[in-house]
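Reader: I have a new structure open and I'd like to learn how to read it. Could you walk me through it, feature by feature?

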Amino acid sequence: MADPGLSVPMLIQFLDLFGTAAFAATGAFKAVEHKSDIVGIIILATITGVAGGVLRDVIFGRVPPVAIANPLYVAITIGMAVAIFFLYRSFKHYEGLILKFDAVGLGVFTIIGASFAYSVFGLNFLAMAFAGIVTAVGGGILRDVFVNEVPIVFVKELYASASFAGVVAFFGMLAAGVDVNVAAIPCIALATGLRMLAMKYNWNLPRPRV
Amino acid sequence: MADPGLSVPMLIQFLDLFGTAAFAATGAFKAVEHKSDIVGIIILATITGVAGGVLRDVIFGRVPPVAIANPLYVAITIGMAVAIFFLYRSFKHYEGLILKFDAVGLGVFTIIGASFAYSVFGLNFLAMAFAGIVTAVGGGILRDVFVNEVPIVFVKELYASASFAGVVAFFGMLAAGVDVNVAAIPCIALATGLRMLAMKYNWNLPRPRV
Amino acid sequence: MADPGLSVPMLIQFLDLFGTAAFAATGAFKAVEHKSDIVGIIILATITGVAGGVLRDVIFGRVPPVAIANPLYVAITIGMAVAIFFLYRSFKHYEGLILKFDAVGLGVFTIIGASFAYSVFGLNFLAMAFAGIVTAVGGGILRDVFVNEVPIVFVKELYASASFAGVVAFFGMLAAGVDVNVAAIPCIALATGLRMLAMKYNWNLPRPRV
């Protein structure tokens, strides 16, 4: 508690790596289920884990992207892919838990993306929403598209919507003068919590009748 | 007529936003038909409306891309998505009209892309064709791929071909010394008109026999 | 032999264009088989031939990408597309040969990508592997995804794995102090040879049991 200003970024950094690992796991599962070999598993795990952030950085002009410049990210996705290659059934047994971790990733990626846009464009809602959602859902969209499925973002319970809710709350708190680091934690919790509840109770937003 | 040099860019800017709205509508339709919720609809509408231009800007090094820096684009795609969410059947009733607007988007996106390459590389046909076609068809390719369909670019009547014809005419007129603003309008009309005629008469280019 | 320092880059440049043509051919085949018209064939051939390198350059911040700045690449992919449009059956007859050329492309794209990362980041294994593999498999992934197939990278015999082996050898040789130009040739040969052998003998890496 001596330096809370430092500890929040460290917590977010930790959650970011944690979310990357969870995202990578969902990619590795899909690759295994499509009968990929170890290298295909590594590639899909890595795409799922880092593509959202890479896309955000490339679109906003930060190159090389964080996930390339800092080898820790890809090291984590490769490590997760290798672990799932050897221990698929054990990991699959805990898929429910991994989907909860994935929800943590959704929340923290959203707020990291939105914070980045805030640092570039200031309090611009569209830029923050765009960066937050791209970071949170980009990797998952590519994962699903690459194994020829319609991305869950377009068809599942609250997913991008949970990310969007996190951005709205984050924007609102920053607009109200709350410090970025202070605002980050409850907004991550909001997006993560919404996603977890949506999975548990099968919540969906209404869809238009076709 | 007092300042025609200004009025053509304004017309093109207007057509650009108009085309963005039409592209977004085709994305929103697809999302609705795949049972997306409102956020999924917004995302697919936005991808369809702006991804071609974003891709062009990222490849040519203009970051942040126009469609991110100027919030009007994403505001339009979100507005269109929300409108189609609430009024799907009414909009669907006018799908024929929207496909005509989409053809306008195809034409204007082509020439905006080609003009941008011209401003960077000068009179370089390949760069102009690349930028024009990426701008015009990028969003539609991603829209179709993301709902697991083969992009219409690869299978439908003159689509990329209409864009290509617009680039050829534009290049030819610039090479002949015509002013960019003067050349833009007939070339947009050419690409748009070709696409409209192709839809109406089911025109196709010959395909190789397999 | 008067200036071997120059001749290796020239050989690599030649192999690069050769690989681009082979990649483009595989894209053109897929487009023909999905009943694309000539413009769709050109687009898919071009995406397959240059997207890997464009993706690498965009991610690493080299814009415009080499394949845009140097019109030779797109000229080759367009030329190949047009040739296959007119002579599909003749080319298809030699598909086996083209797949061997494709293996050459895999090898040379891998080492070109890895060399580029080496020139930016120095001896950083993850960056070299990332750039090498993106360059080698990016175009093929997009080709397959765009015609709605699961990318062969995820399902076929050694493909990304051959690329990965090339990177490992390349990294090892550079770490051992071998000159980049000297190391390039055997490492290209390794990746290419592994892929060719894998096709011939239907080699696969083990997959996890599901």
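Reader: Let's start with contacts. Which residues is C:Thr46 in contact with, leaving aside its neighbours within four places in sequence?

Author: For contacts, look for residues that come together in space although they sit apart in the sequence. Keep in mind that this is a predicted model. In this model C:Thr46 touches B:Phe130, C:Ala51, C:Val74, C:Thr77 and C:Ile78 once neighbours within four places are set aside. Note the letter on B:Phe130: that contact comes from chain B.

Reader: Where is C:Thr46 found, and is it buried or exposed?

Author: C:Thr46 belongs to helix H2 of chain C, which covers residues 38-60. Its relative accessibility is 8%, so it counts as buried, the cut-off being under 20%.

Reader: What about B:Thr20, which residues does it touch?

Author: Read it the same way. B:Thr20 is placed in helix H1 of chain B and is buried, at 1% relative accessibility. Beyond residues up to four places away in sequence, its contacts are B:Gly49, B:Val50, B:Tyr73, B:Ile76, B:Thr77 and B:Phe109.

Reader: On to the nonpolar core. Which residues touch the most other members of the largest one?

Author: Here you look for buried nonpolar side chains that join up. The largest nonpolar core has 207 residues, and A:Phe170, B:Phe170 and C:Phe170 touch the most other members. Take B:Phe170 as the example: leaving out neighbours within four places in sequence, its contacts are B:Ile111, B:Ala114, B:Ser115, B:Met128, B:Val180, B:Ala183, B:Ala184 and B:Cys187.

Reader: There's a cysteine in that list. How many disulfides does a search of the whole structure find?

Author: A disulfide is a covalent bond between the sulfur atoms of two cysteines. Here the search finds 0 over all chains. As for Cys187 in the other chains, A:Cys187 is buried at 1% relative accessibility, and C:Cys187 is buried with a relative accessible area of 1%.

Reader: Now salt bridges. How many are there over all chains?

Author: For these, pair up side chains of opposite charge. The count is 18 salt bridges over all chains. In one of them, B:Lys30 meets B:Glu149 at 2.9 Å, N to O. B:Lys30 lies in helix H1 of chain B and B:Glu149 in the loop between helix H7 and helix H8, so the pair ties together parts that are 119 residues apart in sequence.

Reader: Which side of that pair is buried, and which is partly exposed?

Author: B:Lys30 is buried, with a relative accessible area of 18%, while B:Glu149 is partly exposed at 27%.

Reader: What does B:Lys92 form a salt bridge with?

Author: Its partner is B:Glu33, with the closest N and O atoms 2.7 Å apart. This pair also links distant parts of the chain: B:Lys92 is in helix H5, B:Glu33 in helix H1, 59 residues apart. B:Lys92 is partly exposed at 25%, and B:Glu33 is partly exposed at 32%. Over in chain A, A:Glu33, A:Lys92 and A:Glu95 are linked in a network of salt bridges.

Reader: And C:Arg143 with C:Asp144, are they buried or exposed?

Author: Both C:Arg143 and C:Asp144 are buried, and they form a salt bridge whose closest N and O atoms are 2.8 Å apart.

Reader: Last one, the surface. Which residues make a nonpolar surface patch of about 260 Å²?

Author: Look for nonpolar side chains that group together on the outside. That patch is made by A:Leu11, A:Phe14 and A:Ile185. A:Leu11 sits in helix H1 of chain A, residues 4-33, and is partly exposed, with a relative accessible area of 37%.

Methods: Residues numbered from 1 in each chain as written. Chains lettered and ligands numbered in written order. Predicted model: local features only at pLDDT ≥ 70, side-chain atom pairs only at ≥ 80, totals over all residues. Heavy atoms only, no water. Core = buried A, V, L, I, M, F, W, Y, C linked by side-chain atoms within 4.5 Å. Buried < 20%, exposed > 50% of the residue type's maximum accessible area, 1.4 Å probe, protein only. Contact = heavy atoms within 4.5 Å. Disulfide = S-S within 2.5 Å. Patch = residues over 30% accessible without salt bridge, like charges linked within 9 Å, V, L, I, M, F, W, Y side chains within 5 Å. Areas by Shrake-Rupley, 256 points an atom, 1.4 Å probe, with all protein chains shown as cover. Salt bridge = Lys/Arg side-chain N within 4 Å of Asp/Glu carboxyl O. Helix = DSSP H or I, 4+ residues; strand = E, 2+ residues; numbered from the N terminus.
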